[in-house]
Amino acid sequence: MENIVDLHWFPLVSQGNIYSLTNLRSTKNANKVLVASLKRNIYLCECHVLPKNQINPLIKELLFTYIPSGAEIISIDAYNKSKEDDEFVIGITIMKYSSETSVERYLNIYSEGAGDTDDNNSIEAIAQNCLMVELNYTPYHLYHTEVITQDLEKEIVWLISSDDFKVHMIREDKTSHGYIESEIDKYFPEFIELKAIALWMDIYYYEDYKRRLTVVGCECGLVKVSEIDVIKGEINRSWSLRYDSPVSGVRIFTHRNLIEKPSFLEMIPDVEMNINFNILINTASTTIIFEDVLNQGLDNDIKLRSSDPTSCVLCCCIADINMDNQNEILLGTYEREVLVFANRNGKWEMTSKKLFDAAIHSICYTDLTGDGVNELVVLTQRSVHILQHDSKIITELWRERYQALIADKLKD
């Protein structure tokens, strides 16, 4: 991380947790980030590019409706339901003690109103349009993914892990213009009979949504990996193992940084690539990689070793942070460090690290400036840090690759 410099920093009035950061991915503008704290405060982080390429970070608190005084925000997640415009849907799980023995729990879903237009479809307007789903369980990880309906259409649904050892599915009910809990067995058989509190889930569709790889990590140390036949709704294969400490994070990733093809290149056929799926598992005591899971299963584990073997990892992020078209692994630790691991000649090695002001709760790598270069957002127990790549290094890297591209064209 020696080529990444500080761009902005702001403190939090109260701490968040590992579920308190989410990315708003825009289809036509720069991305944004939402940060929640336990005591109802939710902040929007964005960057404005001024003349002479100066960057003006903007942090503002958003007032979301139907989050009562005294409520605690457990988790936050968001997605863009449009591929052409920005139609954000934001989910927030909250919990409020109404008495010493009574607890109220809700999933608040915020989206644009039926009469909203592009002119007033701002995050502030979305924050005022809420649909509530009452929960009879304590929520943990809030996660959105897609399901294939009977009409072979794609539908985005919410998944919520809970203290009743289940994963619940919340989907839109278009007849009532609201959201309801739906039976999960038909769409996600891998979550049936989990019998543990899922702390983190990750889902990856492939083969044109005909197959799905799911990994879930649990509080008891259980890790379950499943390969699903999406069309049949059946589990093809599954693997499981158990560690001696809670699993704080799991990720499905590829070695190569897979960049989505822009819409204006849709006429160009895709190049067939053999993609191997890897799984990253974080526990309180160790971090493990299983490579090429579909072929090797969970037989061969690779342990990531840092300079401090006693460090406790709280979160992780997969990112091509050195822009070599290969993904690196970023680990956020309780000891206030972000550790970067890269695959060098088939061996994972720690290449750099950076110290922050408090324990690292979440990491996000996204383009906040809209220039095609991602920024690094780090949520700590006390604050939010936004870091950017050194512009001089980016310019030199662009020049080198442009010249290499021109040289290849001249050879042809």
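**Close-up views of a predicted model**

**Cysteines without a bond.** The sulfur of C218 lies 5.2 Å from the closest cysteine sulfur, that of C220, which is too far for a bond. The model is predicted: local features need pLDDT of at least 70, side-chain atom pairs count only at pLDDT 80 or more, and totals for chains, interfaces and linings use all residues. Residues are numbered from 1 along each chain as its sequence is written, and side-chain values use heavy atoms, with hydrogens and water left out. For C312, the closest cysteine sulfur belongs to C315, at 10 Å, again too far for a bond. The structure holds zero disulfides, a disulfide being a pair of cysteine sulfur atoms within 2.5 Å. C218 is buried, at 0% relative accessibility; buried means under 20% relative accessible area, exposed over 50%, and partly exposed in between, with a 1.4 Å probe and protein chains only.

**The open sheet of strands 14, 15, 16 and 17.** Its four strands follow the order 14-15-16-17 with antiparallel pairing. Strand 14 (198-206) and strand 17 (234-242) are the edge strands, each pairing on one side only. Neighbouring strands are turned by 10 degrees against each other on average, direction ignored; the axes are lines fitted to C-alpha atoms, and angles run from 0 to 180 degrees between N-to-C directions. Strands (E, at least two residues) and helices (H or I, at least four) are DSSP runs, numbered from the N terminus. Two strands pair if DSSP finds at least two bridges between them. Strand 16 (residues 222-229) is joined to strand 17 by eight bridges, and V225 has W239 in strand 17 as its bridge partner.

**The hairpin of strand 19 and strand 20.** Three residues stand between the two strands of this hairpin. Strand 19 (residues 278-283) pairs with strand 20 in the antiparallel sense over four bridges, and N282 stands opposite T287. In a regular strand, side chains alternate between the two faces of the sheet. In strand 20 (residues 287-290), T287 and I289 point one way, I288 and F290 the other way, and all are buried. Three bridges also join strand 20 to strand 21 (residues 301-303), running antiparallel; there, F290 is partnered by D301.

**The open sheet of strands 22, 23, 24 and 25.** Antiparallel pairing links the strands in the order 22-23-24-25. Strand 22 (313-319) and strand 25 (347-355) each have a single partner strand, so one side of each is left without a neighbour in the sheet. From one strand to the next, the twist averages 25 degrees.

**A buried salt bridge between E190 and R212.** The closest N and O atoms of a salt bridge (a side-chain nitrogen of Lys or Arg within 4 Å of a carboxyl oxygen of Asp or Glu) are 3.0 Å apart in this pair. E190 lies in the loop between strand 13 (178-182) and strand 14, and R212 in strand 15 (residues 211-218), so the pair ties together parts that are 22 residues apart in sequence. E190 has a relative accessible area of 1%, and R212 one of 2%.

**A salt bridge within helix 3.** The closest N and O atoms of R399 and E396 are 2.9 Å apart. Both residues lie in helix 3, three residues apart, about one turn of the helix. R399 is partly exposed, at 37% relative accessibility, and E396 is also partly exposed, at 37%.
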